[in-house]
Amino acid sequence: MTAPQRKAVALISGGLDSMLAARVVMQQGIHVEGINFFTGFCVEGHTHAIRKKDQSKNKRNNALWVAEQLGIKLHIVDVIDEYKDIVINPKHGYGQNLNPCLDCKGFMVHKAWEWMQNNEFDFIVTGEVMGQRPMSQRKDTMPVVQKESGAGDRLLRPLCAQHLPATLPEREGWVDREQLLDFHGRNRKPQIALAKRFGFTDYAQPAGGCCFLTDKAYSTKLADLWQARGERRYELDDIMLLKVGRHLRPQANFKLIIGREEGENKFMEGYRKQFIHFRCVSHRGPFVLLDGTPSDADIELAARIVARYSQGRDDDQVTLEVGFTDGRMHELQVSPLPSAEIHDEWHV
Amino acid sequence: MSRHELDARRLLCPLPVIRTQDAIAGLTQGDELQVVCTDPGALNDIPAWCRINGHRIVETRQQDDEIIVTIEVG
Ligand code: SF4
């Protein structure tokens, strides 16, 4: 009787490590398929798709590209809603910014484990390297991911397996432990050498992390959103809008999102029905969304700020159109707010 | 063989790909799915996803600000 073909599901982020990990296991005759999770915070694509000046750049999705290089299927899973709880209440806290890396890893491996069971796969592969990331890839946190995800010893980390206790696939002889690796720490040279050996010449090497939550400016905007709402909550639209425009909060009860260029203006126009919005009529100017609950006086202040960011900033009067969420439109004539009155601390 | 349409307008990548994938999961081989999107990234991503998962792109075209991808389920 021949042994059954063993199957592994590999977490594919689009970066080099997960690509190598999958490849190392494929080399041992394992059938591998990829899985990728969309949390809403992924760095992939978005801002490129929005900003006009970036549209000519290569917009490939790295996870898809990696899967294609490896010749494996890729399953992309929408985890937007489930992921909220990870960002809002991370049991293990945050990293340097609002990145809940340890909870996030546990969550993703857990989702992969569920997928593995539903699809009758045998084990899970990740590209983790011990000591590489300060939070989720430490000697003491790697077992936490294993335990909390439920995956237990069906979680194989081929790039650093030799530093870890043997997992089920190794003990059962589905994979040969000797051929797995012993990468350690932040030095990227071994990965680069292995990539060369496999003939991978074009790959992504994300600097900070795989998502916007590791970005300081982004995290500040998210924290501001939570503070203004008085609760830690978000919808997909909120976190998408944190990626575009200039954010100004003149008062606790409202903020303005000011388009910085044509692509952003156009993208934000798609939110006309959900937000109060401003458009300059008498001059060229940005498209602006208002998030919050403004009074009539606040609308006036907002309009003066918008005028400040228009080409009419040095004129006495600027005419604007204000649109409300119930479809009402108003025309307003305002004098642009002097730049000295735009306080630095308004910039989120 | 049946024809289906998917509205993925205003969704940013990878959401159009995810919706395409989920729609195809409910179709059978030979069915045709037409996806309408507005994110230009879909022009790369949907065909890439189809290539690796064994579906055939019948046509991609751009019409004003919309991208229309027609897929034959493999
Ligand atoms: S960087 Fe973002 S996606 Fe990556 S592990 Fe941390 S929280 Fe998760």
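**Exercise 1. Work out how many cavities of 30 Å³ or more this predicted model holds, and what lines the second largest one.**

Step 1: the count comes to two cavities of 30 Å³ or more. Here a cavity is a set of points on a 1 Å grid, over the protein atoms alone, where a 1.4 Å probe fits but cannot get out. Volume is the space filled by probe spheres set on the points, which are joined across faces, edges and corners.

Step 2: about 30 Å³ is the volume of the second largest cavity. Its lining residues (an atom within 4 Å of a point) include A:L225, A:H247, A:F275 and A:D291.

Step 3: sort that lining, and you get five nonpolar, one polar and three charged residues. Asp, Glu, Lys and Arg count as charged; Ala, Val, Leu, Ile, Met, Phe, Trp, Tyr, Cys and Pro as nonpolar; the others, Gly among them, as polar.

A quick note on the ground rules: this is a predicted model, where local features need pLDDT of at least 70 and side-chain atom pairs pLDDT 80 or more, while totals for chains, interfaces and linings use all residues. Residues are numbered from 1 along each chain, chains are lettered from A in the order written, and side-chain values use heavy atoms, without hydrogens and water.

**Exercise 2. Describe how chain A meets chain B.**

Step 1: take contacts (heavy atoms within 4.5 Å); 26 residues of chain A touch 20 residues of chain B.

Step 2: look for salt bridges (a Lys or Arg side-chain nitrogen within 4 Å of an Asp or Glu carboxyl oxygen). There are three between the chains, among them B:R51 with A:E68 at 2.4 Å, N to O.

Note on methods
On a 1 Å grid over the protein atoms alone, a cavity is a set of points where a 1.4 Å probe fits but cannot get out, and a pocket is an open set with protein on both sides within 12 Å along at least five of seven lines; lining residues have an atom within 4 Å of a point.
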